[in-house]
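Let's walk through this one together, starting from its cross-links and working outward. Have the viewer open as you read.

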Amino acid sequence: MELLTKVTFVSACLFAEWAVTFNGVANCSISPSEMSALKLPSAVIPVSQKSTLGSFYSLSLSSVFPEDLEVNEYCTELLRIYGQRYVTLANCLVTYARPVRICQNCYTGFNSLEDIYKNISSDESGPGNVSCHDSLMRSDRLMLLYTLFIKLDEIWTTAKCKQCLIKDQEALSNDTLYFMATLNQSLSCFEQYQRNHTELCKDCKTSYKRLNEIYGRMEKNYTLCIDLEDTMNMTQHLWSKNFSCLLPREETVPVIAVSSFMLFLPVIFYLSSFLHSEQKKRKLIHPKRVKSSSSLMNIQDKFS
């Protein structure tokens, strides 16, 4: 019987050493007779092990922290709204990834996420004189809310969506709307003559040329975003590759003229150099002829 008690005691010590995860330390130096007075420290069992141990232990981390370290209800509500708006914007970006239409369809979601992020990261106090900046933004080294927002903001900035929107990003700009209207005219013309490419190249040239002019002007004015760039690339591909159409550009003539001038510039330089050297040569020879003729006259005078 005594041997059985010792075996039970050793097994209990081993189990206690495995189960303690915080500050508890199993004291196995206590004799079996004192075992009944030993109170083992409470343990928090990992979730993966909890299922194997049945319902003997409950997992409730929030109950072990003081109340002043808890996130209050106001900040918890902001966190919930942030999560909802983040998911909404992420779904919008994925939905309109190809063909790219994120700027014209997702600006509402981005503005909503930006508003709640500014509310959370602001130092201004909310209801009950509570600021959520420290508890939600700086409470750990991961700074998850900041990292998540920066990733989407980087996508928005790289896409240059602000250039296609008005100042407050609440609607598309007039230049963007005009470009889209002209684009629809060109695409409608393409659809009308898609079975006859010869007629398409002839009848759709005016609208396509105007579309290129608008695009070039917007590019110079920095009013292009990824939506318009991707749309124009696909339209140009249709025009040149699918329909095999050509659009002569007005700047071709000046380019050819300048290129021709640069090509003949060395010929002009060497020709002018040659003529200039010949002129100098004549000037150098002329005095010699004058001198020789005067000498001949002197000789003739002597014999006369």
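In this predicted model, C164 and C225 form a disulfide, with an S to S distance of 2.0 Å. The torsion about that S-S bond is -100°, making the link left-handed. C164 sits in the loop between α6 (144-158) and α7 (174-192), while C225 sits in the loop between α9 (205-220) and α10 (226-242), so the bond ties together parts that are 61 residues apart in sequence. Both cysteines, C164 and C225, are buried.

Now look at C189 and C204, another disulfide, at 1.8 Å from S to S. Here too the link is left-handed, with -95° about the S-S bond. C189 belongs to helix α7, and C204 to the loop between α8 (197-203) and α9, 15 residues apart. Again, C189 and C204 are both buried.

Further toward the start of the chain there's the pair C75 and C132, joined at 1.9 Å and left-handed at -95°. C75 is in helix α3 (residues 73-95) and C132 in the loop between α4 (102-121) and α5 (133-137), so this bond bridges parts 57 residues apart in sequence. C75 has 0% relative accessibility and counts as buried; C132, at 4%, counts as buried as well.

How many disulfides are there? The count comes to 6, and numbering the bonded cysteines along the chain gives the pattern 1-5, 2-4, 3-6, 7-11, 8-10, 9-12.

As for the scaffold they sit in, the chain has 11 helices and 0 strands. Of its 304 residues, 24% count as buried. Among contacts between residues at least 6 apart in sequence, 63% join residues at least 24 apart. The chain exposes about 22,300 Å², with carbon and sulfur atoms supplying 59% of it.

Key
Residues numbered from 1 in each chain as written. Predicted model: local features only at pLDDT ≥ 70, side-chain atom pairs only at ≥ 80, totals over all residues. Heavy atoms only, no water. Helix = DSSP H or I, 4+ residues; strand = E, 2+ residues; numbered from the N terminus. Buried < 20%, exposed > 50% of the residue type's maximum accessible area, 1.4 Å probe, protein only. Contact = heavy atoms within 4.5 Å. Areas by Shrake-Rupley, 256 points an atom, 1.4 Å probe, with all protein chains shown as cover. Disulfide = S-S within 2.5 Å.
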